[in-house]
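Please look through the structure below. The paragraphs after it take up aromatic ring pairs, charges over rings, one histidine and one helix.

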Amino acid sequence: MTLDLAAYAAERGVKYFMISFTDLFGGQRAKLVPAQAIADMQADGAGFAGFATWLDMTPAHPDMLAVPDPSSVIQLPWKPEVAWVASNCVMEGEDVAQAPRNVLRRLVDEAAEMGLHVKTGVEAEFFLLTADGEQISDEYDTAAKPCYDQQAVMRRYDVVREICDYMLELGWGPYQNDHEDANGQFEMNWEFDDVLKTADKHSFFKFMTKSVAEKHGLRATFMPKPVEGLTGNGCHVHVSVWDAPGSAASVNAFAGEGDGPTGELGLSAPGKHFLGGIMSHASALAAITNPTVNSYKRINAPRTMSGATWAPNTVTWTGNNRTHMVRVPGPGRFELRLPDGAANPYLLQAVIIAAGLDGIRNEADPGKRYDIDMYAEGHKVRGAPKLPLNMLDALRAYDRDKGLKAAMGEEFSAAFLKLKNQEWNDFVSHFSRWEKDNTLDI
């Protein structure tokens with residue numbers, strides 16, 4: 001039964017709803033709606049001018065309506081009089097095909113028609129910086145190997161504890177928090193879930209983390225490489241596929257006896273082929289999983305101060321080894337280590353499903369398994385594609401991948417490529433300090 005948002009507000013003392021959607025660039029957009037008006041909004045949606053956000057629209061387009069999905073509603077733990085609700089974008093009675101949450105919903109339905117229900121967990125890494133974003137907020141966080149530093153994590157206890165308390169209150173099942181591999185960097189983990197729920201939680205987590213940091217006079221950033229020389233912000237995704245959604249799931253379709261090197265690690269034939277789809281589309285996948293100019297400072301980074309980037313640069317997979325693009329840490333699931341903190345929470349999940357389903361349909365083989373240390377011996381790998389060197393290369397790879405573009409939706413793909421190529425052109429027309437430092441006297 002659909003939740004009545006007006007009744008929800010009356011029962012919980014909610015005065016306002018944030019009707020939220022995420023645009024193509026991952027920007028979170030919202031209208032603040034009084035509880036007294038939410039019944040009409042639940043039925044008809046809140047009106048937005050799509051052109052005013054990062055969607056491929058013009059000022060002449062009709063109103064885009066963001067229709068709340070009541071199943072996603074979250075009462076803000078730090079401001080209980082407000083509730084956030086994810087919405088689906090509609091125009092003239094039809095879903096907006098380029099809207100990220102709609103792209104994901106369509107692929108979730110496509111997987112369900114094949115009897116497959118994708119569940120994922122994300123590892124969202126972030127930095128805590130000074131309010132102006134210019135420096136690491138903790139002046140004492142200077143260790144060469146700061147990962148798991150207990151003094152450093154406790155100096156930011158108030159921020160980390162508050163966010164974790166809220167996740168506990170929301171029933172997300174958070175289970176660990178740590179100081180990550182870069183100075184000023186943290187990671188917080190919560191339980192995996194159905195892919196759309198994970199995307200909604202991921203979207204809300206970014207909003208919540210930024211809000212709590214601001215409350216403490218700090219700035220949280222998920223930017224892929226905010227500090228030169230330090231490990232960047234990844235957003236690793238753990239993927240498994242089940243026979244049913246939610247608590248009805250009982251059989252992991254990825255777990256079982258398979259053949260070859262994937263079978264040795266506990267991946268079934270569907271798991272092998274899903275992984276094969278990820279591997280075969282990896283270069284194009286990067287346009288979605290690593291969507292900014294800055295993203296390629298992380299996946300093609302030189303050695304960091306800690307000694308490792310913890311990010312891939314080659315399309316390889318392995319067992320329980322963190323130096324490859326895909327890690328199979330145990331039976332029935334794999335970890336995609338390519339995505340970064342800039343990834344759109346909805347498009348990230350959508351492109352994983354799109355590539356994986358294509359792999360299952362075409363019985364794709366993931367290729368050779370490598371168990372070497374890629375950071376020390378990666379030069380020995382022959383034949384494995386390198387990941388794109390920059391955003392333009394990734395966009396070109398995506399544009400060439402006709403199968404992935406079609407799976408993500410032609411209207412979405414055209415809009416995404418158009419706006420992202422405009423972003424690249426804007427970047428390359430920017431004059432940098434580097435140019436003057438290196439070419440002024442030539």
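Phenylalanine 274 has a relative accessible area of 0%, so this residue counts as buried. The model is a predicted one, and all values here are computed from it. Phenylalanine 254 is buried as well, at a relative accessible area of 1%.

Aromatic pairs come next. A pair of aromatic rings is described by the distance of the centres and the angle of the planes. The structure holds 21 aromatic pairs. In one of them, phenylalanine 205 and phenylalanine 222 meet edge-to-face, with 6.2 Å centre to centre and 75 degrees between the planes. Phenylalanine 205 belongs to helix α6 (residues 195-215), while phenylalanine 222 is in the loop between β12 (218-221) and β13 (235-242), so this pair ties together parts that are 17 residues apart in sequence. Both phenylalanine 205 and phenylalanine 222 are buried.

Phenylalanine 254 and phenylalanine 274 also form an edge-to-face pair, at 5.2 Å centre to centre and with 65 degrees between the planes. Phenylalanine 254 lies in the loop between β13 and α7 (260-264), and phenylalanine 274 lies in helix α8 (residues 269-280); the pair therefore ties together parts that are 20 residues apart in sequence.

Ring pairs also build a cluster, whose members include Phe205 and Phe222. Among the other residues linked into this cluster are Trp78, Trp84, Phe126, Tyr166, Trp172 and Trp190.

Two lysines are placed over aromatic rings. Lysine 420 has its charged end over the ring of phenylalanine 25, at 4.3 Å from the ring's centre. Lysine 31 lies over the face of phenylalanine 48, 5.3 Å from the ring centre.

Histidine 117 is found in strand β8 (residues 117-130). Is histidine 117 buried or exposed? Its relative accessibility is 18%, and buried means under 20%, so histidine 117 counts as buried. Leaving out residues up to four places away in sequence, histidine 117 touches Ala112, Ser240, Val241, Trp242, Asp243, Ala244 and Pro245.

The last element is helix α13, which covers residues 391-400. At the start of α13, a side-chain oxygen of asparagine 390 comes within 3.1 Å of the backbone nitrogen of leucine 392. Leu392 is one of the buried residues of this helix, which also include Met391, Ala394, Leu395, Ala397 and Tyr398. What do the buried residues of α13 pack against? Their partners are α9 (282-289), α10 (295-298), α14 (402-408) and α15 (410-428).

Note on methods: Residues numbered from 1 in each chain as written. Predicted model: local features only at pLDDT ≥ 70, side-chain atom pairs only at ≥ 80, totals over all residues. Heavy atoms only, no water. Buried < 20%, exposed > 50% of the residue type's maximum accessible area, 1.4 Å probe, protein only. Helix = DSSP H or I, 4+ residues; strand = E, 2+ residues; numbered from the N terminus. Contact = heavy atoms within 4.5 Å. Polar contact = N/O pair within 3.5 Å; in protein donor to acceptor, adjacent residues only side chain to side chain. Phe/Tyr/Trp six-rings, centres within 6.5 Å; stacked < 30°, edge-to-face > 60°. Lys NZ or Arg CZ within 6 Å of the ring centre and 35° of its normal.
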